[in-house]
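Q: I should like a close look at a single part of this model, followed outward into its surroundings. Please set out the arrangement in one connected account.

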Amino acid sequence: KNTIASMTDELGIGNAVYYTYSFERLIPEQVKELYYVAYISCGNLKENGIFTSEEIGDIQKYAAQQLNTLAGSTEYVSKIDECVFTFVYQSSNRNDAQKRIAEILDSLNNYLCGFSPDYAELFKTGICSIADNPDCNAEYALGVAKQGYLYAVRNQLRYAFSTNEVIKKTAADEKMRRSISKAIDNKEFQIYLQFITDSKSEKICGAEVLSRWDNPEMGIISPDKYIGIMKSSGTIARHDYYIFE
């Protein structure tokens, strides 16, 4: 009983310990390559300030119930963090695996639409194929799935399979995100003025303010390389206030 309790979340589903247990002990070895690990999250709702604590609790309860309902007898659902769930599931091929996730996201995001249509895409998913990572353990599979989730968030996708290309791109974006945070503190972002002239008098009458990142290692970096990452990581406001200042 104590073992069961230690693997159960307050929502009545498995917790992070149960995820590891289900991955390592409950998946039949002979069909393991047919399994997928999905990392499902709607982001940090507390940090975003979108919902009240009570609403966040209701969202998590609904997500737990829906995932449990949609899971088969040899599939496993866990809540591993605030608004973060794992779904260890079986599909015969990648297309079927994709359809299962689309069905789940439809259900979860339709619930959020009850709060506002603007929240129709908050739940996103990253997917790790065990067949593509045959020797992975539970921790590694979860990390791979999370990379797919981060890629989906940053590229405004509903879900993403964690391929080698996705993992490399996500790692590069994460490195860029960390560099951006330091760059703001180090005042590396500069403003450039693109002058506007009056067509009649040919005199300067204004200017458009352009942001450029003066990176010590890479030189001047244009906004298309960093603005998207700032928006997805929540640092765009810091950048904008810094530029205004």
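A: In the order β2-β3-β1-β4-β5, 5 strands form an open sheet with mixed pairing (strands are DSSP runs of E with at least two residues, helices are runs of H or I with at least four, and both are numbered from the N terminus; two strands pair if DSSP finds at least two bridges between them). Its edges are taken by β2 and β5 (159-161), each of which pairs on one side only. From one strand to the next, the twist averages 20 degrees (angles lie between N-to-C directions and run from 0 to 180 degrees, with axes fitted to C-alpha atoms, for helices over the stretch in contact).

This is a predicted model, in which local features need pLDDT of at least 70 and side-chain atom pairs count only at pLDDT 80 or more, while totals for chains, interfaces and linings use all residues. Residues are numbered from 1 along each chain as its sequence is written, and side-chain values use heavy atoms, with hydrogens and water left out.

At the β2 edge, β2 and β3 run antiparallel and are joined by 5 bridges. D81 stands opposite V84 in β3. The hairpin formed by β2 and β3 has 2 residues between the strands, and in it C83 adopts a positive phi near 60 degrees. Strand β2 also takes part in a salt bridge (a side-chain nitrogen of Lys or Arg within 4 Å of a carboxyl oxygen of Asp or Glu). The side chains concerned are those of K79 and D9, at 3.7 Å from N to O. K79 belongs to β2 and D9 to the loop between α1 (2-6) and α2 (16-26), so this pair ties together parts that are 70 residues apart in sequence. In total, the structure holds 7 salt bridges.

At the β5 edge, β4 and β5 run parallel, with 3 bridges between them. One facing pair there has T125 opposite Y159 in β5. Helix α4 (residues 53-70) packs on this sheet and touches β1, β2 and β3 (84-90), its direction making about 5 degrees with that of β3 (contact means heavy atoms within 4.5 Å).

Strand β4 leads on to an enclosed space. The structure holds 1 cavity of 30 Å³ or more (on a 1 Å grid over the protein atoms alone, a cavity is a set of points where a 1.4 Å probe fits but cannot get out, whereas a pocket is an open set with protein on both sides within 12 Å along at least five of seven lines; lining residues have an atom within 4 Å of a point). The largest cavity contains about 50 Å³ of space (the volume filled by probe spheres set on points joined across faces, edges and corners). Its lining includes R94, I127, C128, D132 and F161. Strand β4 (residues 124-129) gives the most to that lining, with 3 residues.

Strands β1 and β2 also meet an open space. About 1,200 Å³ lies in the largest pocket. Among its 29 lining residues, G43, N44, Y149, V153 and S232 lie nearest its centre. Each of β1 (35-41), α3 (45-48), β2 (76-81), α6 (138-154), α7 (164-185) and α8 (227-233) supplies at least two lining residues, and α6 gives the most, with 5.

Helix α7 connects this description to another sheet. Here 3 strands form an open sheet in the order β6-β7-β8, with antiparallel pairing. β6 (189-197) and β8 (219-221) are at the edges with a single partner strand each, so one side of each is left without a neighbour in the sheet. The twist averages 45 degrees from one strand to the next. β6 and β7 are paired over 9 bridges in the antiparallel sense, and R212 in β7 is the bridge partner of Q190. α7 packs on this sheet, touching β6 and β7, and its direction makes about 120 degrees with that of β7. Helix α9 (residues 236-244) also lies across β6 and β7, running at about 60 degrees to β6.

The second largest pocket, with about 230 Å³ of space, has a lining that includes A172, K175, W213, N215 and M218. Two or more of its lining residues come from each of α7 and β7 (204-215), and α7 provides the largest share, 5 residues.
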